[in-house]
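Work through the three exercises below with the model open, and try each task before reading its solution.

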Amino acid sequence: MLVPTILCGGAGSRLWPVSRELHPKPFIRLADGETLLQKCFLRGLDLPEVGEVLTVTGRDLYFKTIDDFRETGRKTALSFILEPFGRKTAAAVAASALYVARVHGEDAVQLVLAADQVVTDQAAFTQAAAKAVALARQGRLVTFGIRPDAPETGYGYIEADGDRVVRFVEKPTREKAEAFLATGRFLWNSGMFCFTAGAMLGELATHAPAILEAARHCLDAALAAAGRGDPAKLDLDPELFERVPSESIDVAVMEKSDRVAVVPCEIGWSDVGSWTALGALTAADTDGNRILGRGEVITRDVRDSFVRNGGRLIGLIGVEDLIVVDTADALLIVHKDRAQDVKHLFQDLKRTGHEAHRIHRMVHRPWGTYTVLEEGDRYKIKRITVRPGASLSVQAHHHRSEHWIVVAGMAKVVNGEREMLVGPNESTYIPAGCRHRLENPGVIELSIIEVQSGEYLGEDDIVRIQDVYGRCG
């Protein structure tokens with residue numbers, strides 16, 4: 001059995017303002033409409049012998065991940081390990097290997113895939129994966145090495161002799177990268193791995209026993225708790241997870257083990273690590289410009305620039321080598337030579353507590369989405385969409401009242417002791433402190449406009465009384 005294991009997380013700070021903490025890089029949509037996560041899911045699912053797809057992701061990203069998988073229309077057995085916060089890749093790999101060994105046996109093969117990468121040649125990837133699986137069944141820990149076509153300084157390197165790894169090298173200087181390329185012995189470290197669960201657990205026990213044991217405590221507790229709920233959805237306890245040392249699987253195991261093999265390959269791989277890299281996935285026009293997005297872009301005397309339009313009309317005149325990325329609440333303009341520095345902007349926003357590092361104006365929830373349309377002193381206006389059959393929690397607010405106006409669909413509303421149906425062009429008023437719930441009993445999407453008013457309008461002014469998504473605790 002083969003278990004593709006998707007690692008889905010990270011902030012993707014170099015792809016701000018589209019990538020944010022609660023909408024990280026794997027959820028960015030490319031020109032064909034698919035997200036990076038969806039492409040990764042399909043890449044693994046299309047391989048032979050797949051028994052299930054295991055995803056390790058953040059607790060806050062679970063419902064977005066499910067939505068992305070559902071949108072592909074492909075069905076397979078799914079399981080999830082949900083981290084309460086980031087802990088680097090060794091923790092994720094250890095927990096996943098423990099799970100796979102427990103459920104499928106130590107001989108089951110895992111193929112670890114990063115959800116934020118692009119592979120354009122599926123046929124070549126399938127061939128490389130077959131070689132990796134064969135080596136994994138011989139007890140090897142396999143990494144995928146990408147044959148380099150440029151002296152990149154943003155990637156780690158692997159020196160290889162056939163399928164034997166000679167050494168791993170951290171991100172080099174430009175001079176060293178050029179020397180590596182000239183030898184023909186060096187490959188880019190892709191961050192994809194293949195191994196049997198038992199082989200990885202054995203090497204963790206030898207080289208990173210503290211990580212393995214702490215991860216084992218986490219998984220045992222999660223499995224015990226799952227006995228009372230969904231066994232395919234394992235929530236790792238925050239206190240136990242905090243005890244897992246934070247380390248990459250490369251440093252913890254791969255650089256120390258004598259069982260590591262590499263599969264050199266050319267699979268159209270990119271880690272999409274900057275707007276320059278993402279822009280390269282879009283075809284250029286005759287002026288070298290690459291235009292992506294929903295809105296209209298008008299250019300005059302513009303060359304070699306990338307524009308990602310979030311929906312508004314954008315005009316550019318007399319510029320070149322620019323990156324322009326527009327979203328509903330943030331605009332990025334940066335010279336191509338400084339694309340890697342976008343992460344510093346992201347960190348500045350995070351340090352000052354600006355919401356734009358964390359969320360978009362459109363926020364995904366298990367039941368649908370809400371979008372902040374406007375806000376000011378003592379008021380906020382939202383558009384709320386609720387999926388057919390979905391409902392928000394039974395809740396109350398201490399500091400705000402709400403007016404709900406139905407735009408499309410039919411709303412089933414609990415308002416205090418009353419239960420009512422509210423149709424298009426009808427409304428209801430929810431006073432502060434009142435127990436209430438919004439539900440979509442219909443077969444089409446429910447859309448409402450919510451007008452909040454009160455002395456405090458923060459999202460934490462909510463008391464959940466009952467919730468089908470388990471968010472009351």
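The exercises treat cysteines, salt bridges and one sheet in turn.

The model is predicted, so local features need pLDDT of at least 70 and side-chain atom pairs count only at pLDDT 80 or more, while totals for chains, interfaces and linings use all residues. Residues are numbered from 1 along each chain as its sequence is written, and side-chain values use heavy atoms, with hydrogens and water left out.

**Exercise 1.** Determine how many disulfides a search of the whole structure finds, and explain why Cys218 has no bond to the closest cysteine sulfur.

*Solution.* Begin with the criterion, which asks for a pair of cysteine sulfur atoms within 2.5 Å. Applied to the whole structure, the search returns zero disulfides. For Cys218, the closest cysteine sulfur belongs to Cys8 and lies 19 Å away, which is too far for a bond. Next consider accessibility, where buried means under 20% relative accessible area, exposed over 50%, and partly exposed in between (1.4 Å probe, protein chains only). Cys218 is buried at 2%, and Cys434 is buried as well, with a relative accessible area of 13%.

**Exercise 2.** Find which residue forms a salt bridge with Arg259, and state where in the chain the two partners sit.

*Solution.* A salt bridge requires a side-chain nitrogen of Lys or Arg within 4 Å of a carboxyl oxygen of Asp or Glu, and the whole structure holds 29 of them. The partner of Arg259 is Glu203, with 3.4 Å between the closest N and O atoms. This pair links distant parts of the chain, since Arg259 lies in the loop between α9 (249-254) and β11 (260-265) and Glu203 in helix α6 (residues 197-207), 56 residues apart. Helices (H or I, at least four residues) and strands (E, at least two) are DSSP runs, numbered from the N terminus. Arg259 is partly exposed at 29% relative accessibility, whereas Glu203 is buried at 6%.

**Exercise 3.** Give the strand order of the open sheet that four strands form, and identify which strands stand at its edges.

*Solution.* Two strands pair if DSSP finds at least two bridges between them. The order is β13-β15-β17-β18, with mixed pairing. The edges are β13 (290-293) and β18 (331-335), each of which has a single partner strand, so one side of each is left without a neighbour in the sheet. Within the sheet, β15 (residues 306-309) and β17 (residues 322-326) pair in the parallel sense over three bridges, and Val307 stands opposite Val324 in β17.
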